[in-house]
Amino acid sequence: MTYTPASMWLAAGFVLIALFLSLWQKLGMERNILIGTIRCTVQLLAIGYVLQFVFHSDNPLFVVLILAMMISVASWNASRRGRSLSGIFWRIFVCLAVTETITMGLLVVLGLVSPTPQYLIPMSGMVIGSSMIVCGLFLNMMNREIQTARGEIEALLCLGATTRQAVHGVLKRAVKASMIPTYDSMKTIGLVQLPGMMTGMIIAGASPIEAVRYQILIMLTFSSAAAISAVLISALCYRLWFTRDGMLR
C-alpha cells in the first residue's frame with residue numbers, strides 16, 4: 001500500500017459522502033464534519049513531524065513534554081463533562097498522570113517495553129486516551145446518578161451519614177459504568193474488530209502473530225488503566241458534588 005499526495009486528496013472523497021448524507025437527511029452536521037476533518041488532518045500532520053524530530057533527537061525532555069501535552073489535552077477534553085465542578089481539570093490531570101506513570105512504569109520495569117520514544121510515546125498515547133474516556137464517562141454517569149438519587153442522598157445526609165457514605169452507591173454505579181466499554185471491547189476483540197495497532201503492524205508487513213502479541217499487551221494494559229482511572233477519579237472528585245459544609249449542591 002502506497003500513500004502519495006494524490007491518494008490523500010482521493011481519501012477526502014469519504015468526507016464528501018458524510019457531507020452528502022448530512023445534507024440529504026438535514027442533520028446539520030456539515031460544520032462539525034468539516035471542522036473535524038480539518039483538525040484531524042492538521043493535528044496528525046503536525047504530530048507526525050514533531051515525532052520524527054523527537055525520535056531522531058532521542059532526548060528524554062522532549063518525551064516528557066509530549067506526554068505532558070497529551071495529559072493536558074486529555075484532561076481538558078474530559079473536564080468538559082463536568083464544567084460546573086470547580087477544580088475538575090487538575091483532578092483529572094492528576095488521575096491521568098498517575099495512571100500513565102503506573103502502567104508505563106510497570107511495562108518498562110518488567111522489560112515488556114523498551115524505554116525509547118518510539119515505544120513510550122505511542123503506547124502512552126493509547127493509555128492516556130483510554131483513561132480519558134473512562135474519566136469522561138464517569139463524570140457523565142455521576143451527573144445523571146446524582147440527579148436521580150438526590151432524594152436518597154439528602155435523606156442519608158440528614159440521618160448523619162458522611163458525604164462518602166451518602167454517595168457510595170452512586171459512586172459504585174458510576175465507576176462500573178465508566179469501565180464497561182473497556183471490558184466489553186476486550187470481550188469482542190478479534191471477533192468483531194481488529195484494533196488499530198494490530199492492523200497497522202500487519203499492513204506494515206509484520207507477522208500477524210507478532211502483531212497479536214503486541215495487541216494483547218496493549219489490551220491488558222488498558223484493563224489496568226481503566227480500573228486505576230475509574231477508582232482514582234472517583235476518590236478525587238466525589239466531594240465536588242457537595243458544598244464545604246457537606247450539603248449536596
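The paragraphs below move from the overall fold to the salt bridges and then to two local features of the surface.

The model is a predicted one, and its protein contains 11 helices and zero strands, so that, read from the N terminus, the order of elements is α-α-α-α-α-α-α-α-α-α-α. The C-alpha trace extends over about 70 × 55 × 35 Å along its principal axes. Of the 249 residues, 33% count as buried, while the accessible surface amounts to about 15200 Å², with 68% of that area belonging to carbon and sulfur atoms. Among the contacts that link residues at least 6 apart in sequence, 68% join residues at least 24 apart.

As for charge, the protein carries 18 positive and 9 negative charges, whose mean positions are 5 Å apart. Side chains of opposite charge can pair when their charged atoms come close. In the whole structure, a search finds three salt bridges.

One of these salt bridges joins the side chains of Arg-173 and Glu-145, with an N to O distance of 2.8 Å. Because Arg-173 belongs to helix 9 (residues 168-188) and Glu-145 to helix 6 (residues 117-148), this pair ties together parts that are 28 residues apart in sequence. Arg-173 is partly exposed at 36% relative accessibility, whereas Glu-145, with a relative accessible area of 13%, is buried, since buried means under 20%.

Another salt bridge is formed by Arg-150 and Glu-154, at 3.7 Å from N to O; these residues are four apart in helix 7 (residues 150-158), and therefore about one helical turn separates them. Both partners count as partly exposed, Arg-150 with a relative accessible area of 23% and Glu-154 at 35%. A salt bridge also connects the side chains of Asp-184 and Lys-187, at 3.8 Å from N to O, and here the partners stand three residues apart in helix 9, again with a separation of about one helical turn. Asp-184 is partly exposed, with a relative accessible area of 38%, while Lys-187 is exposed, with a value of 63%.

On the surface, Val-94, Val-98, Ile-102, Leu-106, Leu-110 and Leu-112 form a nonpolar patch that together offers about 490 Å² of accessible area. Within this patch, Leu-106 lies in helix 5 (residues 88-109) and is partly exposed, with a relative accessible area of 46%.

A backbone feature appears at Lys-26, which has a positive phi of about 55° although it is not a glycine. Lys-26 is placed in the loop between helix 2 (13-24) and helix 3 (30-57), and at 75% relative accessibility it counts as exposed.

Methods. Residues numbered from 1 in each chain as written. Predicted model: local features only at pLDDT ≥ 70, side-chain atom pairs only at ≥ 80, totals over all residues. Heavy atoms only, no water. Patch = residues over 30% accessible without salt bridge, like charges linked within 9 Å, V, L, I, M, F, W, Y side chains within 5 Å. Areas by Shrake-Rupley, 256 points an atom, 1.4 Å probe, with all protein chains shown as cover. Salt bridge = Lys/Arg side-chain N within 4 Å of Asp/Glu carboxyl O. Helix = DSSP H or I, 4+ residues; strand = E, 2+ residues; numbered from the N terminus. Buried < 20%, exposed > 50% of the residue type's maximum accessible area, 1.4 Å probe, protein only. Contact = heavy atoms within 4.5 Å. Lys, Arg positive; Asp, Glu negative; His and termini not counted. Charge placed at Lys NZ, Arg CZ, Asp CG, Glu CD.
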